Amino acid sequence: MTYDPASGKIVVFGGDDGTAFLNETWTFDGTTWRQIVTQPSPPARTNTQMVYDSVSHKVVLFGGFDGTNVLGDTWLWDGATLQWTQAMPAHQPQAVDGPMLFPDPNGRVDLFGGFDGQFYPPTMWQWTGSDWTQLFPPTVPYGRSIAAVAANPITGEVVMFGGLGDFNPINTWTYDGTTWTLQSPRMQPTWVYAGSAAFNPRMHAVVLFGGGSSGVDQNSTWAWESRSANWMPLRALQSPPAREGAGMTYDAALHRVILFGGQDNNGYFNDTWELIP
């Protein structure tokens, strides 16, 4: 799930409804969800990630899991034509489930980590608009998948928290377009995987919601304050029920952070929430 400035709408693809993996595409205009039927379309999957490339003006989708295989295909969503196109890059990251995709400070789309079925490779790639090129920052986080990640375009800082990994994913990392830095906040959320994150310009902060923690789903909300390099809890008067794997993005047209879906131990959600500062 991501916001697409080309169409002025949120776009959602795929997921798992408890009985099947989905290849549906939906858009949200702030009032109504609308299913968009396209040919071609990415194959059904869950744990895929996508984000808007502000240079090519396309949404980039990569990876995921189809119930049998870990996937490594790249698809592009054109919000002007409401169509998917499969990219055929000369180079690409290895197939991974639950990679982290986020906007690089230069406007391109970056990819970090994921799970290849055996390992959590700590590799990083950047989408050039037609190909993937591997990046080699001097410092990278420990490998992980399904971490919460979002970018603060005001400070040019990417924030990543938690996830699943073989080696200590219970930490906060930031990326400035050149290298990653392991942060040491005075306070941080409970470790979560499949948490949801988005930047809220009204709060000047990356917001983190929910996620799973050792089988217990959370419904806490936190804000990463770049100036103090610290997580602060947000005491919402009303909050979505605890969940993991929800889609969350900032809708620039609505000036709101929007959250949709996810799951808990009892099933799947199809509710839509907005965060009002």
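**Notes on an all-strand predicted model**

1. I'll open with the second largest pocket: strand 25 gives the largest share of its lining, 3 residues. Keep in mind throughout that this is a predicted model. Strand 25 covers residues 272–275, and strand 18 and strand 22 (256–260) also put at least two residues each into that lining. In total 19 residues line the second largest pocket, and Ala236, Gln238, Glu274, Leu275 and Ile276 are the ones that lie nearest its centre. Its volume comes out at about 370 Å³. If you are thinking about the chemistry of the wall, the lining of this pocket splits into 14 nonpolar, 3 polar and 2 charged residues.

2. Now the enclosed space. How many cavities of 30 Å³ or more does the structure hold? There is 1, and the largest cavity offers about 40 Å³ of space. Its lining consists of Pro189, Thr190, Val192, Leu208, Phe209, Gly210, Gln218, Ser220 and Trp222. Sorted by type, those lining residues are 5 nonpolar and 4 polar, with no charged ones. Strand 18 (205–213) and strand 19 (216–225) each supply at least two residues of this lining. Strand 18 therefore deserves a second look, as it also supplies at least two residues to the lining of the second largest pocket.

3. Those two strands sit in an open sheet of 4 strands, ordered 17-18-19-20 with antiparallel pairing. At the edges are strand 17 (196–200) and strand 20 (230–234), each pairing on one side only. On average, neighbouring strands of this sheet are turned by 30° against each other, direction ignored. Strand 18 and strand 19 run antiparallel and are joined by 7 bridges. If you want a pair to click on, Gly211 stands opposite Gln218 in strand 19; Gln218 also appears in the lining of the largest cavity.

4. Stepping back to the overall fold: the protein chain has 25 strands and 0 helices. The radius of gyration is 17 Å, close to the 19 Å from the globule rule for 277 residues, so the chain is as compact as a globular protein of that length. The C-alpha trace spans about 50 × 45 × 35 Å along its principal axes. Buried residues account for 50% of the 277 in the chain.

5. Another open sheet of 4 strands has the order 5-6-7-8, again with antiparallel pairing. Strand 5 (49–53) and strand 8 (83–86) are at the edges with a single partner strand each, so one side of each has no neighbour in the sheet. Here the neighbouring strands are turned by 25° against each other on average, direction ignored. Inside this sheet, strand 6 (residues 58–65) and strand 7 (residues 70–78) pair in the antiparallel sense over 6 bridges. One such position has Val59 opposite Trp77 in strand 7.

6. Strand 11 (residues 124–127) is worth a closer look. Is it buried on one face or on both? Both faces are covered: Met124 and Gln126 are buried on one side, and Trp125 and Trp127 are buried on the other. That fits the usual pattern, in which side chains of a regular strand alternate between the two faces of the sheet.

7. Strand 11 also has partners on two sides of the sequence. With strand 10 (residues 109–112) it pairs in the antiparallel sense over 4 bridges, and the bridge partner of Phe112 in strand 11 is Met124. Another 4 bridges join strand 11 to strand 12 (residues 132–135), also antiparallel, and there Met124 stands opposite Leu135. Strand 11 and strand 12 form a hairpin with 4 residues between them, and Gly129 in the turn has a positive phi of about 110°.

8. Back in strand 10 you'll find Leu111, which counts as buried because its relative accessibility is 1%. Leu111 and Ala246 are 135 residues apart in sequence and 19 Å apart in space, C-alpha to C-alpha.

9. Last, a hairpin towards the start of the numbering. Strand 3 (residues 21–28) and strand 4 (residues 33–36) run antiparallel, joined by 4 bridges, and Thr25 has Ile36 in strand 4 as its bridge partner. The hairpin leaves 4 residues between these strands, and Gly30 in the turn carries a positive phi of about 100°.

How values were computed. Residues numbered from 1 in each chain as written. Predicted model: local features only at pLDDT ≥ 70, side-chain atom pairs only at ≥ 80, totals over all residues. Heavy atoms only, no water. 1 Å grid on protein atoms, 1.4 Å probe; cavity = no way out; pocket = protein on both sides within 12 Å on 5 of 7 lines; lining within 4 Å. Points joined across faces, edges and corners; volume = space filled by probe spheres on them. Nonpolar A, V, L, I, M, F, W, Y, C, P; charged D, E, K, R; others polar. Pairing = 2+ DSSP bridges. Axes fitted to C-alpha atoms, helices over the stretch in contact; angles between N-to-C directions. Buried < 20%, exposed > 50% of the residue type's maximum accessible area, 1.4 Å probe, protein only. Rg over C-alpha atoms; globule rule 2.2 N^0.38 Å.
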